[in-house]
Amino acid sequence: MIENLIQSCAVKAFSSLYSADVAEDKIIIQQTRKDFEGDYTINVFPFLKLTREKPEVCAQKIGDYLRKHTPEIKSCNVIKGFLNIVVHDTYWTNSLYDNIMRKNFGEMEKSGDKPIVIEFSSPNTNKPLHLGHIRNNLLGWSVAEILKAAGQEVEKVNLVNDRGIHICKSMLAWEKWFKGKTPESENIKGDKLVGDCYVRFDKELKDEIGKLVFAGLDKDRAEQDASLIQEAREMLKSWEENDPEVRALWSRMNEWVYEGFDKTYERLGIDFDKIYYESDTFLLGKDIVEQGLALGVLFKKEDGSVWADLSDEGLDEKLLLRADGTSVYMTQDLGTAQLRYDDFQPGKLLYVVGNEQNYHFEVLRIILKKLGRKWAEHIVHISYG
């Protein structure tokens, strides 16, 4: 760096001109103020006891020495005891050219720190990756690449939300209105076809709720009692009970979606070191919830649902298992966090998720800490919005 070069030459200048032994770290180099000519400035006032000269004279002598012995320096000027140094333009252009020709420009050697696990993308298998996913994917990938360039060991992971009520909505819609249609028969990507199923379900559900409200039912009650949502809940329960027909349809439609996702990731230039699936992690999450019940950290309500009381943290109660035993997002996130810790023993667990989930990740940290997971302190939500 040019600053080091100037420091080194300045040390020689003091030795040659004044027989003074000055340490490099005593020569403070600052950027020149914008209202003066120069790139860097040396303040010679701290050295006047050694030189026994007026500050302007000392600064001029040091400047003349630097210019004579350092080809990178174009000129110098003196303002009282401040030596302003102008660097040749060729130094900057040569430095730029040298660096852009280096394939590993900006990269540092790997450190011995624990790996950093960063989750991003995290799509649902009920719709395609769309415009709204671009920011998440590019933020996550960029943070990972920056950390790697800074010498960190990084594991890029993706959690695919491949189960739950939203997935069952697409499945139910396919059975009712799309049966027999495939990505090949419709000549569209598989994730687009499944997304169309989800949109159709939402439309039909809204129509049904509207009719129930028109008939005099309260809107909240209508949303709970609508036959379509009841069917979707029954399908979710059947899925969790490993019903073979439901599982077969689920596998088939998810494969359509994965093929579509892969094409999109390839076009974006996004890749992952490991992909987790909610269908694999939610059971571990359930086990963790059961452990919390046994320890008295969590509690069960009369309807059988399981909750975490976070009032001592200034928050409310958080549902972890529904009354029918089915899990929620928080359940699988508990399991996924534990699985990642077991897999990588990371120094940090990063989650790239929009700011609408700020509360969710605050709760995740608190519940894991209550369950005795000290590593939960290293969970970092990279929030954006």
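These are legends for a set of close-up views of a predicted model.

**View 1. The largest nonpolar core, with α11 as its main supplier.**
Start with the big cluster: the largest nonpolar core holds 44 residues. If you want to know where the contacts pile up, look at Ile 118, Met 171, Trp 174, Phe 201, Leu 205 and Met 253, which have the most contacts inside this core. At least two residues each come from β5 (116–119), α5 (131–149), β6 (154–160), α6 (165–178), α8 (190–214), α10 (227–240), α11 (244–268) and β11 (348–354). Helix α11 gives the largest share, nine residues. There is also a second, separate core of 30 residues, with Val 117, Leu 159, Tyr 351 and Val 353 among them.

**View 2. Met 253 and its partners from elsewhere in the chain.**
Here we zoom in on Met 253, one of the residues with the most contacts inside the largest core. Once neighbours within four places in sequence are set aside, Met 253 is in contact with Ser 170, Met 171, Trp 174, Val 194 and Cys 197. Two of these names, Met 171 and Trp 174, also turn up among the residues with the most contacts in that core.

**View 3. Helices α6 and α8 crossing.**
The axes of this pair come within 8 Å and cross at roughly 90°, so α6 counts as roughly perpendicular to α8. On the α6 side, the contact is made by His 166, Lys 169, Ser 170, Leu 172, Ala 173, Trp 174, Trp 177 and Phe 178. From α8 come Leu 193, Val 194, Asp 196, Cys 197, Tyr 198, Arg 200, Phe 201 and Glu 204. Sorted by class, the contact has 10 nonpolar residues, two polar and four charged.

**View 4. Helices α12 and α13 packed together.**
In this second helix pair, the axes lie 6 Å apart and the angle is about 95°, so α12 is roughly perpendicular to α13. Helix α12 brings Glu 278, Thr 281, Phe 282, Leu 284, Gly 285, Lys 286, Ile 288 and Val 289 to the contact. They meet Tyr 329, Thr 331, Gln 332, Leu 334, Gly 335, Thr 336, Gln 338 and Leu 339 of α13. The class count for this contact is seven nonpolar, seven polar and two charged.

**View 5. Ile 288 and Gly 292, two buried residues of α12.**
Helix α12 spans residues 278–295 and includes Ile 288, and Gly 292 is found in this helix too. Ile 288 is buried at 1% relative accessibility, and Gly 292 is buried at 0%. Not counting residues up to four places away in sequence, Ile 288 touches Leu 334, Gly 335, Gln 338, Leu 371 and Arg 373. With the same exclusion, Gly 292 touches Val 297, Leu 298 and Leu 371. Leu 371 is 79 residues from Gly 292 in sequence, yet their C-alpha atoms are 6.3 Å apart. Ile 288 has its own long-range pairing: Leu 368 is 80 residues away in sequence and 9.3 Å away, C-alpha to C-alpha.

**View 6. Helix α14 and what covers it.**
The 13 residues of α14 (358–370) reach 19 Å from first C-alpha to last, close to the 18 Å expected at 1.5 Å a residue. Its buried residues are His 360, Phe 361, Val 363, Leu 364, Ile 366, Ile 367 and Leu 368. Their cover includes β9 (306–309), β10 (317–321), α13 (329–344), β11 and β12 (379–384). After the helix comes Gly 372, with a positive phi near 90°.

**View 7. Ser 121 and Asn 187, two non-glycine residues with positive phi.**
Most residues other than glycine have a negative phi. Ser 121, in the loop between β5 and α5, has a phi near 80°. Asn 187, in the loop between α7 (183–186) and α8, has a phi near 55°. As for surroundings, Ser 121 is buried, at 6% relative accessible area, whereas Asn 187 is exposed, at 69%.

**View 8. Arg 135 of α5 meeting Tyr 384 and Gly 385.**
Arg 135 is partly exposed, at 46% relative accessibility. Apart from neighbours within four places in sequence, Arg 135 is in contact with Tyr 384 and Gly 385. Tyr 384 lies 249 residues from Arg 135 along the chain, with 9.3 Å between their C-alpha atoms.

Definitions and conventions: Residues are numbered from 1 along each chain as its sequence is written. This is a predicted model: local features need pLDDT of at least 70, side-chain atom pairs count only at pLDDT 80 or more; totals for chains, interfaces and linings use all residues. Side-chain values use heavy atoms; hydrogens and water are left out. A nonpolar core is a set of buried Ala, Val, Leu, Ile, Met, Phe, Trp, Tyr and Cys residues joined through side-chain atoms within 4.5 Å. Buried means under 20% relative accessible area, exposed over 50%, partly exposed in between (1.4 Å probe, protein chains only). Helices (H or I, at least four residues) and strands (E, at least two) are DSSP runs, numbered from the N terminus. Contact means heavy atoms within 4.5 Å. Axes are lines fitted to C-alpha atoms, for helices over the stretch in contact, and angles run from 0 to 180 degrees between N-to-C directions. Angles under 35 degrees count as roughly parallel, over 145 as roughly antiparallel, 65 to 115 as roughly perpendicular and the rest as oblique. Ala, Val, Leu, Ile, Met, Phe, Trp, Tyr, Cys and Pro count as nonpolar, Asp, Glu, Lys and Arg as charged, and the others, Gly among them, as polar. The expected span of a helix is 1.5 Å times one less than its number of residues.
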